[in-house]
Amino acid sequence: MTQHLYSIPLAAALFVLVAGPALAQAPAGAAADSHSSHHPAATAPSAPQAELSEGEITRWDPRTLRLTLKHGEIKNLEMPPMTMVFRVSDASVVGDLKPGDKVRFRAEQVSGAYHVQRIEKAP
C-alpha cells in the first residue's frame with residue numbers, strides 16, 4: 001500500500017496542521033479572518049415583524065382573555081382567512097375595542113396557542 005500523503009502540497013498540509021485546530025474551535029458562523037469581528041453584524045429589516053393583518057372582532061371576553069376575530073390571511077402565520085379565537089395577555093391589549101370593530105392586528109403562535117400581540121382599530 002502506498003501512502004498518498006506526499007501528494008498533498010506541503011503548504012496545504014501545514015495549513016491543516018496549524019490552522020485546523022483553531023478553525024475547529026471557532027464559534028459557528030464565525031469568519032475565518034478577524035477582520036469581520038470589527039464590524040457589527042447586519043440585522044434583518046423589521047418590516048415583516050410589523051406586518052399587520054386585517055379582521056373584525058366578533059366576540060371579546062375580558063374575563064377569559066379570549067378574542068374571536070374574523071380575519072383575512074395572516075401572512076406571518078401562513079394562515080388563510082377564517083374566524084377563530086385568539087388569546088391576549090391582558091385586557092389592556094384590546095382596550096376599548098368591541099365586537100363589530102374592524103381592526104388590524106399582529107398575532108403570533110406562543111406555546112401552541114395563537115396570541116394577539118397588538119391590535120388597533122382599522123382606519
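Strands E4 and E5, the latter spanning residues 113–121, pair in the antiparallel sense over eight bridges. The model in which this pairing appears is a predicted one. The two strands form a hairpin with two residues between them, and in that turn Ser111 has a positive phi of about 50°.

E4 itself covers residues 102–110 and is also joined to strand E1, residues 53–61. Four bridges link E1 and E4, and these strands run antiparallel. Phe105 of E4 serves to follow both pairings. Towards E1, Phe105 stands opposite Ser53; in E5, the bridge partner of Phe105 is Ile119.

The loop between strand E3, residues 82–87, and E4 contains Ser92. This residue is classed as exposed because its relative accessible area is 59%, and the class begins over 50%. Between Ser92 and Pro62 there are 9.3 Å from C-alpha to C-alpha, although the two are 30 residues apart in sequence.

The confidence of the prediction must be considered alongside this description. The protein chain has an average pLDDT of 76, and 59% of the residues score at least 70. Over residues 10–18 the pLDDT is below 50, and this stretch has five contacts in the model beyond near neighbours in sequence. A further segment, residues 29–47, stays under 50 in pLDDT; for it the model has two contacts beyond four places in sequence. Where pLDDT is low, predicted coordinates should not be read in detail.

Terms used: Residues numbered from 1 in each chain as written. Predicted model: local features only at pLDDT ≥ 70, side-chain atom pairs only at ≥ 80, totals over all residues. Heavy atoms only, no water. pLDDT = per-residue confidence, 0-100. Contact = heavy atoms within 4.5 Å. Pairing = 2+ DSSP bridges. Buried < 20%, exposed > 50% of the residue type's maximum accessible area, 1.4 Å probe, protein only.
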